[in-house]
Number of protein chains: 2
Amino acid sequence: MDAVSETRQKLIDGAVETIRTHGISGVSARTIATTAGVNQALVFYHFGSVHDLLSEACMVHTQATVTAYQPRLDKVTTLQELLATGRELHAGQAEIGNVKVLAQLLAGSQNDPELAKATGAALALWTTAVEQVLVRVMAGSPVKDLLDIGGLARAVSAGFVGLELFEGVDPQGARQALDTLDQLAVLVEVVDDLGPVARRAFRAKVKRVADR
Amino acid sequence: MDAVSETRQKLIDGAVETIRTHGISGVSARTIATTAGVNQALVFYHFGSVHDLLSEACMVHTQATVTAYQPRLDKVTTLQELLATGRELHAGQAEIGNVKVLAQLLAGSQNDPELAKATGAALALWTTAVEQVLVRVMAGSPVKDLLDIGGLARAVSAGFVGLELFEGVDPQGARQALDTLDQLAVLVEVVDDLGPVARRAFRAKVKRVADR
DNA sequence: GTCTATACTGGGATAGAC
DNA sequence: GTCTATCCCAGTATAGAC
């Protein structure tokens, strides 16, 4: 039935769960194997090393989560809704905290080029999804031509990772930050809704300041 | 001369250096002691545990970096300059990457309440400094009353941490994101510069959307 | 092909030397 | 008060059993 070994799957799930509960610094072949309920040495048999298991788990889990959230993202029509979907993803029990896992892997990738390759690819799945939403949401906006949407998507993704980590040390502050971003999203919408006169003045100002 | 033991200082410096070069998952009493050039057991004599050393090092290093950057922050008059100072801080060799160190400690804090207390306090030093700048920069802005500056300061700090981690796996993408934030800062300035008519229309729109 | 027993290295912590 | 020698456990990895 299953093309992929059952033990392999157990180890991948165990790796994700271990990162969630123990963080990147608590990850080892032993802790993962204990969580997965298999012998520790199987990590090396099936994946060659802990790094390689983490890389694989990172991709599989992120792929699954992005796919699961795609329908919701497809329905997003405003920046506020995008933010709300992000908060949902952040708090959601369903896909068990992919952002949390990614944040830990990202931290671990800073001094590990091998892992960096995998987390970079996983993060790209998110930024691509976010970019698609932004292109759609900002299609009719005058702001569209003034901002690099790809760069904005990357900033949004990075911001969510940062907020995830922030929340771990200051939950109240993180909520406060997210609420403020909500206000900011409203502001952008408002700029979109300016009348034609103000809009023209707006564009002119942008050109002037940008050429500074 | 020195009120604080020389070995203590060596260990604190060694801890910071080890986090920078090996990341949070490469930190141990042994690696720190090797970097510091002292016996491994001295970590436990002087600080009781590795966690406690990290907590202390986190506070000392962040305090020193914030103090070193305060004069530069005091000179900031626009959002773009704030962003530029952030980029400088990020790349700067001088205070040897406090953001990088904080990002790693933040990741390690997610599953360690003790460490979370210290990194939370350290991060608060940054958010307070950023908030002061924002209050000053936005003093004359119509946007001021529509945004929670404290929340914005937290979002900015979290964003920088996120971008630091992002850079480790995708340096080009991180630069792209920062460039886009620069464009966004211009946009906000532009809104500030709107004439009185557009400004009034703007406020009205904000109220309408916000009450949604 | 899958897994266990086992070897070896590095990590946290302390008892006790100086 | 300061530091070293030493203990024991957790970590990676492999040789070889099934």
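In this predicted model, 98% of the interface residues of chain B are also interface residues in chain A, so the two copies meet through the same surface, where contact means heavy atoms within 4.5 Å. Chain B can be laid on chain A with an RMSD of 0.0 Å by a turn of 180° and a shift of 0.0 Å along the axis, and the copies are thus related as by a two-fold rotation axis. The superposition is by least squares on the C-alpha atoms of residues with pLDDT of at least 70 in both copies.

Residues are numbered from 1 along each chain as its sequence is written, and chains are lettered from A and ligands numbered from 1 in the order in which they are written. Because the model is predicted, local features need pLDDT of at least 70 and side-chain atom pairs count only at pLDDT 80 or more, while totals for chains, interfaces and linings use all residues; side-chain values use heavy atoms, with hydrogens and water left out.

**DNA strand D**

A residue is near a strand if one of its heavy atoms lies within 4 Å of it. DNA strand D is surrounded by 13 residues, of which A29(A), R30(A), A41(A), F44(A) and N39(B) are the closest. Of the atoms of this strand D within 4 Å of the protein, 46% belong to sugar or phosphate and the rest to bases. The surface near DNA strand D receives at least two residues each from α2 (29-36) of chain A and α3 (42-47) of chain B, and its largest share, three residues, comes from α3(B). Helices here are DSSP runs (H or I, at least four residues) numbered from the N terminus. By residue class, the surface near DNA strand D holds seven nonpolar, five polar and one charged, with Ala, Val, Leu, Ile, Met, Phe, Trp, Tyr, Cys and Pro counted as nonpolar, Asp, Glu, Lys and Arg as charged, and the others, Gly among them, as polar.

**DNA strand C**

Around DNA strand C there are 14 residues, and N39(A), A29(B), R30(B), Q40(B) and A41(B) come nearest. Sugar and phosphate account for 48% of the atoms of DNA strand C that come within 4 Å of the protein. The surface near DNA strand C divides into seven nonpolar, six polar and one charged residue.

The table lists polar contacts with both strands, a polar contact being a pair of N or O atoms within 3.5 Å.

| Protein atom | DNA atom | Distance |
|---|---|---|
| S28(A), side-chain N or O | strand D, phosphate oxygen | 3.3 Å |
| A29(A), polar backbone atom | strand D, phosphate oxygen | 2.7 Å |
| Y45(B), polar side-chain atom | strand D, phosphate oxygen | 3.1 Å |
| Y45(A), polar side-chain atom | strand C, phosphate oxygen | 3.2 Å |
| A29(B), backbone N or O | strand C, phosphate oxygen | 2.7 Å |
| R30(B), side-chain N or O | strand C, base nitrogen | 2.5 Å |

The elements that give two or more residues to the surface near DNA strand C are α3 (42-47) of chain A together with α2 (29-36) of chain B.

Definitions and conventions. Polar contact = N/O pair within 3.5 Å; in protein donor to acceptor, adjacent residues only side chain to side chain.
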